[in-house]
Every structure is written in C-alpha cells, then in structure tokens.
Amino acid sequence: MEKVVVHVLDCAPLAGHEDACRNVVAPMYARRSEVGPARVRLEALGGGLLARDVLGVVADADVGYGEYGKPYVAGGPEFNLTNDVGMVALAVAARPVGIDLEEVPARYRDVEDLITRKYYDDAERAAVGDGSTRERRAAWARAWTRREAILKAMGTGFAVDPRKRPEVLLGWELRSVELGEAVLTCAMDVPFEMRVLRCDALSLLASYC
C-alpha cells in the first residue's frame, strides 16, 4: 500500500522571527511573506521552512511547475502543499498526491451555503444541512477539502470544473483528519496510508540559523 507522510507546521511561533526565516527560505517564500495579513505572511514562511527541510528547496529554481501550476521538484518525491488557519501542511508520496486544509467555519454563512448548493452532492448536502452544529460545519469543510485535494492531485486545480465534469471526483482514495479547528484531506488514485507528523517551527528555524 502506498504511504503519504504529511508534515504539519503551526506557524504562530514564527512571529517575531520573520527576518531570520526570510534569510533561510527560498526567495519566493520570502517575497510572499511581505504581503497580506500577518497570518498569511507567517504561513508563507512556514511553507518555505517545510519546503527546505523536506524537499531541499533553497532557491526558486529548485521548484518547477506543471501545465496548470502544480509545483514539483526535479528528481524529488511527489508533493503538495496547503495552508490555512495559521498552519502549513506538506504531503509527500511516491505518486501524485493532493492535500487541502480548511477551517471549520465558526458559523454557517451565505458563502458556505452557496458553495454547498453549487458543488456538493445530495449526501454531502444532507450532512451539512443548515450548518447549525459544529458537526455539520465540519462536514462542510470535509466535503470542500476532498474536492480541492482531488483537483490538486490531478494537477489541474479548478481549471477543471467539477460541476461540469463530476466524473473527475470518482475513484479517488481520501483520508481526512481534524487538526484543531481545521479539516485536512489527502487524495490519491490508489489506496494509501496517511501519517501526520507535527513539526516544531522554532526548532526547524534554529536548525538553519
């Protein structure tokens, strides 16, 4: 059976250490860390640290991109990266893999209802219902991450619209776990085992300083 290792980093401890991080990550991650909300900036740096530690990425040229923008490392393993709620997760495997991380909404709003009605199937809509409980909102996040993970494993993202081509969502193996107030899902086209490894941000940074 195939194996997927997911490296998860809580980026919050990197606050106050941004300059040190920028000195050790590939320039593209440093650039991304200079725009947007504070949480997103830290996620960019956390992604850079994981990319260096797990994939050996130290320069922008170390990463290539497929037709639809899916990143790859020449000669390296298959991987996929996601970030949300102050966390970064990097999935590594021997064959194409997709990963997505999504916060469980604190409340069910018009935007979640719109996505549910547009993208979810009957069983998923029933599980979400009116989104009045955390369990229902977690079902919303689980359904969304499954779509994202599949499309990322395909390497197309939403360049392929699952509403127009629902068959692309069939036949995938999926594994989901809750990480605090977020749902993480991995997708692969064959059965797999998923192992989640928690990484310490400051220890990782210290190893390169």
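How many aromatic pairs does the count come to? In this predicted model, the count comes to three aromatic pairs. Two of them are described below, after the sheets and helices in which their surroundings can be placed.

The first sheet to be considered is open and consists of four strands in the order β4-β5-β1-β9, with mixed pairing. Strands β4 (residues 78–84) and β9 (residues 192–199) stand at its edges, and each of these pairs on one side only. From one strand to the next, the twist averages 20°. Strands of a sheet pair through backbone hydrogen bonds, and the pairing may be parallel or antiparallel. Between β4 and β5 (residues 87–93) the direction is antiparallel, and seven bridges join the two strands. One residue pair can be picked out here: Asn83 has Val88 of β5 as its bridge partner.

Helix α3, which spans residues 38–55, packs on this four-stranded sheet. The helix touches β1 (residues 2–10), β4, β5 and β9, and its direction makes about 25° with that of β5. Glu43 is located in α3. Is Glu43 buried or exposed? Its relative accessibility is 3%, so Glu43 counts as buried. When neighbours within four places in sequence are left aside, the residues in contact with Glu43 are Cys11, Asn83, Asp84, Val85, Gly86, Met87 and Val88. This list includes Asn83 and Val88, the two residues that are bridge partners between β4 and β5.

Helix α2 covers residues 27–32, and Arg31 lies within it. With a relative accessible area of 48%, Arg31 is partly exposed. Arg31 is 14 residues from Leu45 in sequence, and the C-alpha atoms of the two residues are 9.3 Å apart in space. Another arginine, Arg32, has its charged end over the ring of Tyr29, at 5.2 Å from the ring centre. A second arrangement of this kind involves Arg175 and Phe192: the charged end of Arg175 sits over the ring of Phe192, 4.8 Å from its centre.

A further open sheet is built from three strands in the order β6-β8-β7, and its pairing is antiparallel. Strands β6 (residues 98–103) and β7 each have a single partner strand, so one side of each is left without a neighbour in the sheet. On average, and with direction ignored, neighbouring strands of this sheet are turned by 15° against each other. Six bridges join β6 to β8 (residues 182–188), and these two strands run antiparallel. Within this pairing, Leu101 has Leu184 in β8 as its bridge partner.

Helix α6 lies across β6, β7 and β8 and runs at about 150° to β6. The helix comprises 21 residues, numbered 134–154. From its first C-alpha to its last, α6 reaches 30 Å, close to the 30 Å expected at 1.5 Å a residue. An α-helix has 3.6 residues a turn, so residues three or four places apart point the same way. Of the 21 residues of α6, 15 are buried, so the helix is largely enclosed by the rest of the structure. Gly155 follows α6 and has a positive phi, near 90°.

The aromatic pairs can now be set against these elements. In one pair, the ring centres of Tyr119 and Phe158 are 5.9 Å apart and the ring planes stand at 80°, so the pair is edge-to-face. Tyr119 belongs to helix α4 (residues 110–119), whereas Phe158 is in the loop between α6 and β7 (residues 173–179), so the pair ties together parts that are 39 residues apart in sequence. Tyr119 counts as buried because its relative accessibility is 18%, under the limit of 20%. Phe158, with a relative accessible area of 33%, is partly exposed.

Why is the pair of Trp144 and Phe158 stacked? The ring centres are 5.5 Å apart and the planes are at 15°, so the pair counts as stacked, given that planes under 30 degrees apart meet this description. Trp144 lies in helix α6 and Phe158 in the loop between α6 and β7; the two are 14 residues apart, and the pair links distant parts of the chain. Trp144 has a relative accessibility of 11% and therefore counts as buried. Through ring pairs, Tyr119, Trp144 and Phe158 are linked into a cluster.

Conventions: Residues numbered from 1 in each chain as written. Predicted model: local features only at pLDDT ≥ 70, side-chain atom pairs only at ≥ 80, totals over all residues. Heavy atoms only, no water. Pairing = 2+ DSSP bridges. Axes fitted to C-alpha atoms, helices over the stretch in contact; angles between N-to-C directions. Contact = heavy atoms within 4.5 Å. Expected span 1.5 Å × (residues − 1). Buried < 20%, exposed > 50% of the residue type's maximum accessible area, 1.4 Å probe, protein only. Phe/Tyr/Trp six-rings, centres within 6.5 Å; stacked < 30°, edge-to-face > 60°. Lys NZ or Arg CZ within 6 Å of the ring centre and 35° of its normal.
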